[in-house]
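Subject: Structure handover

Hi,

Here is the structure I promised to pass on. Please open it alongside this note, and read on below for what came out of it.

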Amino acid sequence: MRVVIASGKGGAGKTCVTASLAAVWNRPLVAVDTDAEAPNLHLFLPPDVTEKKTAFLDVPNMDPEKCSRCEKCRDICAYKAIASFAGKITLFPDMCHGCGGCFAVCPTGALIHGRRELGSLEIGTVLGGSARFLMGRTRIGESMTPPLLRQQLRLLSDMLEACPADALIDSPPGVSCPAVTVAREADVILLALDPTPFGFHDFRLAHQAFLPLGRPVAAVINRAGADGNAEGDEAARRYCREQRVPVLAELPFERAAAEQYAAGRLLAELSPAWRQRFERLRDALIAFGAGRAAEETNHA
Ligand code: SF4
Ligand code: SF4
């Protein structure tokens, strides 16, 4: 089961939930950080990295001697990565999405395969070797994250095929292309819900954005019961009830929990009560995933 832990905004608690769930997971597991622009799962689950790969994107270079200036490459490029100025073709490799269209239409072979570094993929183990680990990290200055994430998700598939396991995937925050790229690979999406006005607003955006993917969505309410926010908590619960989004756990707002998080420690290790909360969330998540998988099989 691939569980994508996502959120409408940063700071809702998805990394915190992912890390503590990993710590109490009782089946074979790969803990995955796909928040490649700002990965931080490794701060809570320090990895023993055994392999680091550099990820590249296939982009065009040009041999001007062979170019007939037909402009077919410019016309097919949907991303404006090729322009024609005063009859001269100019490439902007930083804007290339690697679709390969220009190579396919060039009649003279003037385009040569080059590559742009996207970032790195780090593989290893966490939790004393009991779980595998996979982290994507975007190169500083790289503006496009989805191509790196697609390579990371392919690598995850290879890892799961070689050695079957569940995957807990810390998603990029928000609802932009990186988050959707990861969410579409989920068997279950677990949305971390921060019941403040901003958090609830962005949670609803995320729910609406992920609904068309057709993946089962559940929620975990983080920092529930904060002083003066009873209305926010209730609004979040009501929305989930009305939208049929099961709330699998409510994690209470506690100063000790905030201090534990700020120190880079796992909430599941704060006290027996916190550990039990995550064990119950784990069990609820596994049951939810199994139930939805059975429903899909019955409908097929
Ligand atoms: S590979 Fe695709 S995106 Fe990149 S320059 Fe060619 S047509 Fe444009
Ligand atoms: S398609 Fe090939 S030949 Fe035509 S302008 Fe582009 S690089 Fe030059």
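Start in the middle of a strand pair: leucine 121 stands opposite glycine 136 in β7. Before going further, note that this is a predicted model.

The pair belongs to β6 and β7. These strands run antiparallel and are joined by 8 bridges. They form a hairpin with 4 residues between them. Look at leucine 127 in the turn: its phi is positive, at about 55 degrees.

On to β3 and β6. They pair in the antiparallel sense, over 14 bridges. Methionine 62 is the residue to find here, as it stands opposite leucine 111 in β6.

The sheet

These strands are part of an open sheet of 9 strands. The order is β3-β6-β7-β2-β8-β1-β9-β10-β11, and the pairing is mixed. β3 (48-62) and β11 (247-252) are the edge strands, each pairing on one side only. On average, neighbouring strands are turned by 20 degrees against each other, direction ignored.

For a parallel pair, go to β1 (residues 2-7) and β9 (residues 188-193). They are joined by 5 bridges. Alanine 6 has leucine 191 as its bridge partner in β9.

Two helices to check against the sheet:

- Helix α5 (residues 146-162) packs on the sheet and touches β2 (29-33), β3, β6 (111-126), β7 (131-138) and β8 (166-170). Its direction makes about 165 degrees with that of β7.
- α7 also packs on the sheet, touching β1, β9 and β10 (217-224). The direction of α7 makes about 165 degrees with that of β9.

Helix against helix

How do the axes of α7 and α8 cross? Helix α7 covers residues 197-210 and helix α8 covers residues 230-242; their axes come within 10 Å and cross at roughly 10 degrees. That angle makes α7 roughly parallel to α8. On the α7 side, the contact is made by Pro197, Phe200 and Arg204. On the α8 side, Gly232, Ala235, Ala236 and Tyr239 take part. By class, the residues of this contact divide into 5 nonpolar, 1 polar and 1 charged.

The small hairpin strands

β4 (residues 82-85) and β5 (residues 88-91) pair in the antiparallel sense over 4 bridges. Phenylalanine 85 stands opposite lysine 88 in β5. The hairpin has 2 residues between the strands. One of the residues to inspect is alanine 86, which takes a positive phi near 50 degrees.

Domains

The domain assignment gives domain 1 as 2-55 + 120-299 and domain 2 as 57-117. Their centres, taken over C-alpha atoms, are separated by 39 Å. Where the domains touch, 5 residues of domain 1 are in contact with 5 residues of domain 2. The domain 1 side of that contact has 2 nonpolar, 2 polar and 1 charged residues.

Ligands

Which residues are closest to ligand 1? They are Cys77, Cys96, Cys99, Gly101 and Cys102, out of 14 residues that surround ligand 1. β3 and α4 (101-105) are the elements that give two or more residues to this shell. By class, the shell around ligand 1 has 10 nonpolar and 4 polar residues, and no charged residues.

Ligand 2 is surrounded by 14 residues. The closest are Cys67, Cys70, Cys73, Cys106 and Ala110. The shell around ligand 2 has 9 nonpolar, 2 polar and 3 charged residues.

That is the full handover.

Best wishes

Terms used
Residues numbered from 1 in each chain as written. Chains lettered and ligands numbered in written order. Predicted model: local features only at pLDDT ≥ 70, side-chain atom pairs only at ≥ 80, totals over all residues. Axes fitted to C-alpha atoms, helices over the stretch in contact; angles between N-to-C directions. Parallel < 35°, antiparallel > 145°, perpendicular 65-115°, else oblique. Contact = placed C-beta atoms within 7 Å. Nonpolar A, V, L, I, M, F, W, Y, C, P; charged D, E, K, R; others polar. Domains from an automatic or database assignment. Near = placed C-beta within 6 Å. Pairing = 2+ DSSP bridges.
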